[in-house]
Amino acid sequence: MLIAGFPAGAWGTNCYLVAPAAGEECVIIDPGHQATEGVEEALKKHRLKPVAVILTHGHIDHVASVVPVCGAHDVPAWIHPADRYMMSDPEKALGRSIGMPLMGELTVGEPDDVKELADGSGLRLAGLDLSVAHAPGHTKGSVTFRMPETDEIPSVFFSGDLLFAGSIGRTDLPGGDMEEMLESLARVCLPLDDSTVVLSGHGSQTTIGRERATNPYLRDVAAGLGSAEAPRRGM
């Protein structure tokens, strides 16, 4: 298994390229602001051929490079239908202007081929099996992707802006909802094995076991309590 990741752009959003091995087909997860160059470098370094872009949600820091990346490689983008509008109208998704200088660096709109994700569905892309879980809270259309455990590697969980090392995604932007966030944490994250590797939309790698023991939000959810007070992250 090959997972190449890098933080991109003004918001340091993690973009991931995932493939069975070097020299094979891959999927690209969340090519955000100024991610195009990093994607092309990783493709060249690992001799990868992309077959799809898959998106954890529609915020501009996760989708800003979708149009150029999909266009350069003639691949579709997958997104939950509740967040699809954000690709064409990023400021509406944020409830505020993101700034004209920054906007000048963005390619706003949809790629030629957009496919919609559904809760509980499975994606078979580039020889990879990914299960999709709808996880609203940060946005209405937030999803996670999980790859099953194998003899060689533990399960890998791409959490987007649902779960971070030590924190969770913010819920104060349009479409955010703390009650939905807590429900998603309970339904999507708590059932996972402690060994599950968490690769989130921002920040460092962690595991479900580490977050179950130390993340104040996940600990409170597991205990059936309300939300904890700790810094939240994401756009």
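## Exercises on a predicted model

In S4, Pro 50 is the residue that bridges to Cys 26. Keep in mind throughout that this is a predicted model.

**Exercise 1. Work out which strands the Cys 26 bridge belongs to, and place them in their sheet.**

Step 1. Start from the pair itself: strand S3 (residues 25-29) runs parallel to strand S4 (residues 49-54), and five bridges link them.

Step 2. Zoom out to the sheet. It's an open one with six strands, ordered S1-S2-S3-S4-S5-S6, and its pairing is mixed. The edges are strand S1 (2-8) and strand S6 (114-116), each of which pairs on one side only.

Step 3. Add the twist: ignoring direction, neighbouring strands in this sheet are turned by 25 degrees against each other on average.

Step 4. Put a helix on it. Helix H3 (residues 66-73) packs on the sheet and touches S3, S4 and strand S5 (77-79). The direction of H3 makes about 145 degrees with that of S4.

**Exercise 2. Sort out the faces of H3: which of its residues are buried, and which exposed residues sit on the face turned away from them?**

Step 1. List the buried residues of H3: Val 66, Val 69 and Cys 70.

Step 2. Check how they spread around the axis. The arc they cover is only 95 degrees, so they end up on the same side of H3.

Step 3. Now look at the face turned away from that buried side, where you'll find the exposed residues Gly 71 and Ala 72.

Step 4. Ask what the buried residues pack against: S3, helix H1 (36-46), S4, helix H2 (60-63) and S5.

Step 5. Finish just past the helix. Asp 74 follows H3, and its phi is positive, near 50 degrees.

**Exercise 3. Find out what the cysteine sulfurs are up to, with Cys 26 as the test case.**

Step 1. Recall the chemistry: a disulfide covalently joins the sulfur atoms of two cysteines.

Step 2. Search the whole structure, and you get zero disulfides. For Cys 26, the nearest cysteine sulfur is that of Cys 15, 9.6 Å away. The cut-off for a disulfide is 2.5 Å between the sulfurs, and Cys 26 is in no disulfide.

Step 3. Look at accessibility. Cys 26 counts as buried because its relative accessibility is 0%, and the cut-off is under 20%. Cys 189 has a relative accessible area of 0% too, so this cysteine is buried.

**Exercise 4. Compare the settings of two residues with positive phi, Arg 47 and Ala 126: is each buried or exposed?**

Step 1. Know the background: for most residues other than glycine, phi is negative.

Step 2. Take Arg 47, which isn't a glycine and yet has a positive phi of about 55 degrees. This arginine sits in the loop between H1 and S4. With 56% relative accessibility, Arg 47 is exposed, because the cut-off for that is over 50%.

Step 3. Take Ala 126, where phi is also positive, near 55 degrees. Its loop lies between strand S7 (122-125) and strand S8 (128-134). Here the relative accessible area is 10%, so Ala 126 is buried.

**Exercise 5. Write down the whole-chain numbers: how many helices and strands are there?**

Step 1. The protein chain has eight helices and 14 strands.

Step 2. Of its 235 residues, 53% are buried.

Step 3. Among contacts with a separation of 6 or more, 62% are between residues 24 or more positions apart.

Step 4. The accessible surface is about 9,700 Å², with 48% of that belonging to carbon and sulfur atoms.

Methods. Residues are numbered from 1 along each chain as its sequence is written. This is a predicted model: local features need pLDDT of at least 70, side-chain atom pairs count only at pLDDT 80 or more; totals for chains, interfaces and linings use all residues. Side-chain values use heavy atoms; hydrogens and water are left out. Two strands pair if DSSP finds at least two bridges between them. Helices (H or I, at least four residues) and strands (E, at least two) are DSSP runs, numbered from the N terminus. Axes are lines fitted to C-alpha atoms, for helices over the stretch in contact, and angles run from 0 to 180 degrees between N-to-C directions. Contact means heavy atoms within 4.5 Å. Buried means under 20% relative accessible area, exposed over 50%, partly exposed in between (1.4 Å probe, protein chains only). The arc is that of the directions from the helix axis to the C-beta atoms. Accessible areas come from the Shrake-Rupley method with a 1.4 Å probe; for residues, only the protein chains shown count as cover.
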